[in-house]
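Biologist: I am new to this structure and would be grateful for a close look at a single part of it. Please set that part against the whole, and explain each term as it arises.

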Amino acid sequence: MTKKKLLIVVDYQNDFVDGSLGFEAAKDIESAICDKIEEYVNGGHDVVFTLDTHSQKYLLTDEGRNLPVKHCIKGTAGHKLYGKVATLARDKVQIEKPTFASLELAKYIEGKDYGEIELCGVVTNICVISNAVMAKAAAPDCKITVDAACCASNDSEIEEKSYEIMKNLHVTVIGRD
């Protein structure tokens, strides 16, 4: 019997696509992410979504002092999942996280017997890599994969370096030219 797989869609929210921290490359991956979600659902696998989640006091946090752009404020349009991804996520687990990586996501994964955990979303060099490391920590013997065709960053040079770092952490990177 084939083990179940898990897809983690990282922070594909309005503010990262066309909002306060939006960038064109994030828009370009929407259909690839939707295809990936549908593939997992049709295969009977699990899909979870992370949501970068901040309060109105964001600028007073350590992250806010280092990245002083209000984004993903809970209750705003920017906090919601983007486009068709929002529709596909309606009946799925959504994990709010106050920073780059999610302890709650790691706890969700821990103890489950997934054969593979795959990540996609934004921003590759911040939240995708952080949550790939969390998935590896929660399931150290599980194959962790990141699909570069379904990820985006606003800095292509650092994104490429992130993929190299992930490979060194035994994360399989697919979908690169």
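Modeller: Helices and strands are runs assigned by DSSP and numbered from the N terminus, a helix (H or I) having at least four residues and a strand (E) at least two. The model is a predicted one, in which local features need pLDDT of at least 70 and side-chain atom pairs count only at pLDDT 80 or more, while totals for chains, interfaces and linings use all residues. Residues are numbered from 1 along each chain as its sequence is written, and side-chain values use heavy atoms, with hydrogens and water left out.

I begin with the whole. The protein contains eight helices and six strands, and from the N terminus on they follow the order β-α-α-α-β-α-α-β-α-β-α-β-α-β. Its C-alpha trace spans about 50 × 35 × 30 Å along the principal axes. The radius of gyration, taken over C-alpha atoms, can be set against a globule rule of 2.2 Å times the number of residues to the power 0.38. For 177 residues a compact globule would have a radius near 16 Å, and the protein agrees with this because its own value is 15 Å.

A residue is called buried under 20% relative accessible area, exposed over 50% and partly exposed in between, with a 1.4 Å probe and protein chains only. By this division, 48% of the 177 residues of the protein are buried. Contact means heavy atoms within 4.5 Å. Among contacts in the protein with a separation of 6 or more, 75% join residues 24 or more positions apart.

The part I have chosen is helix H7, which covers residues 124–138. The expected span of a helix is 1.5 Å times one less than its number of residues. H7 has 15 residues and reaches 20 Å from its first C-alpha to its last, close to the expected 21 Å. The helix is mostly covered, with 11 of its 15 residues buried. Among these buried residues are Thr124, Asn125 and Cys127 towards its start, and Met134, Ala135 and Ala138 further along.

Ala135 serves as a closer example within helix H7. Its relative accessibility is 0%, and therefore Ala135 counts as buried. Apart from neighbours within four places in sequence, Ala135 is in contact with Ile109, Ile117 and Ile144. Ala135 also lies 9.3 Å from Lys107, C-alpha to C-alpha, although 28 residues separate the two in sequence.

The approach to H7 deserves attention as well. Val123 is in the loop between strand S4 (116–122) and H7. A cis peptide bond, with omega of about -15°, joins Val122 to Val123.

Strand S5 (residues 143–152) is where Thr145 is placed. Thr145 is buried because its relative accessible area is 2%. Not counting residues up to four places away in sequence, Thr145 touches Glu116, Ile117, Glu118 and Leu119, together with Val171, Thr172 and Ile174. Ile117 thus appears in the contacts of Ala135 and in those of Thr145.

Further along the chain, Glu160 belongs to helix H8 (residues 156–168). At 36% relative accessibility, Glu160 is counted as partly exposed. Its C-alpha is 12 Å from that of Ile174, which is 14 residues away along the chain. The loop between H8 and strand S6 (171–174) holds His170. His170 has a positive phi of about 65° although it is not a glycine, and its relative accessibility of 61% is why it counts as exposed.

Cys72, which is likewise not a glycine, has a positive phi of about 50°. Cys72 sits in the loop between helix H4 (62–66) and H5. In contrast to the exposed His170, Cys72 is buried, because its relative accessibility is 0%.

Beyond helix H5 (83–88), the loop that leads to strand S3 (93–97) contains Ala89. Ala89 is buried, with a relative accessible area of 0%. Leaving aside neighbours within four places in sequence, Ala89 is in contact with Phe49, Leu81 and Gln94. Val47 is 42 residues from Ala89 in sequence, yet their C-alpha atoms are 8.3 Å apart in space.

To return to the chosen part, H7 is a mostly covered helix that follows the loop containing Val123.
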